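Please open the structure in a viewer and keep the selection panel at hand. The stops below are intended to be followed in order.

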Amino acid sequence: MRGIVWFRNDLRLHDHPALTAALTACESVTCIFVLEDRFFETGIGGLPRMGAYRAKFLLESLGALRGQLRALDSDLVIRRGEGVEVLTQLVTETSAEVVYAHNEWGTEELDIEKKLATSLTAISARLCLLEASSLYVTEDIPFGLVALPDLFTEFRRKVEHNSLVREALPAPTKIQSDALPAVGSLPTLADLGYLEQEVDSRIALVFKGGEETGLSRLEHYLWQGHHVRKYKLTRNEMLGPDYSSKFSPWLALGCLSPRLVYSELRRYEEQVVRNDSTYWLFFELLWREYFRLVLRRFGRRLFLLGGIRETPMRWLQDKELFERWCQGQTGIPLVDANMRELRSTGYMSNRGRQIVASFLTKNLGVDWRWGAAWFEMQLVDYDVASNYGNWNYAAGIGNDARGFRYFNIAVQAEKYDPSGAYVRHWLPDLATLPTAQVHSPWRLSTAQQDKLGFRLGRDYPNPVVDLEKSVQQQEAKYWAALEGTPWRKRGNSVTGKFVMSTED
Ligand SMILES: Cc1cc2nc3c(=O)[nH]c(=O)nc-3n(C[C@H](O)[C@H](O)[C@H](O)COP(=O)(O)OP(=O)(O)OC[C@H]3O[C@@H](n4cnc5c(N)ncnc54)[C@H](O)[C@@H]3O)c2cc1C
């Protein structure tokens, strides 16, 4: 039998059940990746869906995978076009009977799978889908999708106590690929319509796509640098390469399998140390897991204005405010520094993401989907479930919404950037400001500004909103919108005190 392995967000050879199944069942296997037209379309708010950072990481990952397959006497067919058409065509060209691939849970991806299955049936072939992007496979989860707990904590306890992570599969050592069709060349960024990106010298870590670089990062974070042993203490930082694992781009494109990360983490615990920090990395991987299940359970609702709770909130569609947020020109240093890091590198820390998402939705009241679309375009680690799940959560319209909760930016600045080192790193215009005012330059008197040779409004923008008043306005809007809905009863306002976080 001849088979095709359709690579999607699983650009690796290790722990690849689809490839393993194809090699077991077929005498000849052809591997393909389709650069689908939809990747390069524009989405919400007219923003391109894939920005240059992710496109570059994707091309690097494809180049690396092709090299690995060639070393095993096979190759990677790379074609551009509409997914179903390209795959059906390849099945005809190679006389394959089965297309093996891994499940994806995005709504578009599910539609494509359905169409592909129909198209293949018409030519007497079939689609075989297997699970590989999560820690747990469906049958090992101790509840059905409709019973997915609304609270992460409950989910975590259930899976921790009842589910086992299966072993990661080994990479194949040989692939039989007879009579390969035209494999196609790997396009350049320019071929795809992107400008070549220069790496910003302030970047914490240069992300290079591919399984080998992903495995090196895993090796570095655990075995070489032992950074994992203090992860819980450092993970909320924003500056530097090792405060967090930075596994996310490799996990998003599947260059790293979550099950391999898990098994290495367990091995580290057995051989070096098991502590709160090693546990916490697993804990964060469970957030990834949870949002995948949230996507599977709620489907399209995750992308709608009211979110998965169908909250009747009104959001501002103010292009100017949104643009200032995107470009890091809000006049709030902690927000701007994070947004400029994202625009200049394609990455932002988890702390930063939570702060800027809260600011857009809870201070500015701007349509959360615009923020999600900007992240989708910019993030090198964009992942549909993690991005839209986190945005639902941050906007307060997720299934776990407990009243109006927001990040108090002044408190966040004091706690996570007390010396101002992070904002100075990304906002050189504030470099000369004293630490006491670097997070609130609007508090400098004109005389102080003169002394520092700094002018608010000229060297750095005036703040777009008053941090306290804006949050009070948004809170009032929030409760008014919920008047008469079942959600009105749930939770009390904790304005000013609450620090929303993924610690539950
Ligand atoms: C508004 C918003 C949007 C986000 N969009 C994405 C996205 O598109 N892609 C993405 O991978 N992550 C997203 N995250 C989650 C998180 O910020 C990143 O996974 C993390 O910052 C990546 O850096 P790291 O690998 O060093 O994380 P670490 O802190 O080292 O965590 C290890 C791994 O755990 C997972 N993880 C950690 N936190 C979360 C979380 N809150 N939700 C889901 N998984 C998590 C990631 O796979 C991460 O690589 C988003 C968070 C927010 C608040």
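The tour visits a strand and its partners, then a loop residue, and finally the nonpolar cores. Please note before starting that this is a predicted model.

**Stop 1: strand β4 and its two faces**

Select residues 98-102, which form strand β4. Five of the five residues in this strand are buried. In a regular strand, side chains alternate between the two faces of the sheet. Display the side chains and compare the two sides of β4: Val98, Tyr100 and His102 lie on one, and Val99 and Ala101 on the other. Both faces are covered, since each of these residues is buried.

**Stop 2: the partners of β4**

Add residues 2-7, strand β1, to the selection; β1 runs parallel to β4 and is joined to it by three bridges. Within this pairing, valine 5 stands opposite tyrosine 100 of β4.

Next, add strand β5, residues 126-130, which also pairs with β4 in the parallel sense, here over five bridges. Highlight alanine 101 together with leucine 129, its bridge partner in β5. To follow the chain between these two strands, select helix α4, residues 107-122: the path leaves β4, passes through α4 and arrives at β5. This β-α-β crossover is right-handed.

**Stop 3: aspartate 75**

Move to the loop between α2 (52-71) and β3 (76-81), and select aspartate 75 there. Is this acidic residue buried or exposed? Its relative accessibility is 9%, below the 20% cut-off, so aspartate 75 counts as buried.

Which side chains make polar contacts with the side chain of aspartate 75? One is that of arginine 66, at 3.3 Å; another is that of arginine 70, at 3.0 Å. Setting aside residues up to four places away in sequence, aspartate 75 touches Cys31, Arg66, Leu69, Arg70, Leu180 and Val183.

**Stop 4: the nonpolar cores**

Select Trp325 and Trp374, the residues with the most contacts inside the largest nonpolar core, which has 143 residues. Then colour helix α10, residues 276-298, which supplies the largest share of this core with 13 residues. A second, separate core has 19 residues, among them Val77, Ala96, Val99 and Leu116. Val99 was also seen at the first stop, among the buried residues of β4.

Finally, centre the view on tryptophan 374 and show its surroundings. Beyond residues up to four places away in sequence, tryptophan 374 touches Leu47, Phe322, Trp325, Cys326, Gln327, Met339, Leu342 and Arg343.

Notes: Residues are numbered from 1 along each chain as its sequence is written. This is a predicted model: local features need pLDDT of at least 70, side-chain atom pairs count only at pLDDT 80 or more; totals for chains, interfaces and linings use all residues. Side-chain values use heavy atoms; hydrogens and water are left out. A nonpolar core is a set of buried Ala, Val, Leu, Ile, Met, Phe, Trp, Tyr and Cys residues joined through side-chain atoms within 4.5 Å. Buried means under 20% relative accessible area, exposed over 50%, partly exposed in between (1.4 Å probe, protein chains only). Helices (H or I, at least four residues) and strands (E, at least two) are DSSP runs, numbered from the N terminus. Contact means heavy atoms within 4.5 Å. A polar contact is a pair of N or O atoms within 3.5 Å; within protein, one must be able to donate a hydrogen and the other to accept it, and residues adjacent in sequence count only if both atoms are side-chain atoms. Two strands pair if DSSP finds at least two bridges between them. A crossover is right-handed if, with the strands pointing away from the viewer, the path from the first strand over the helix to the second runs clockwise.
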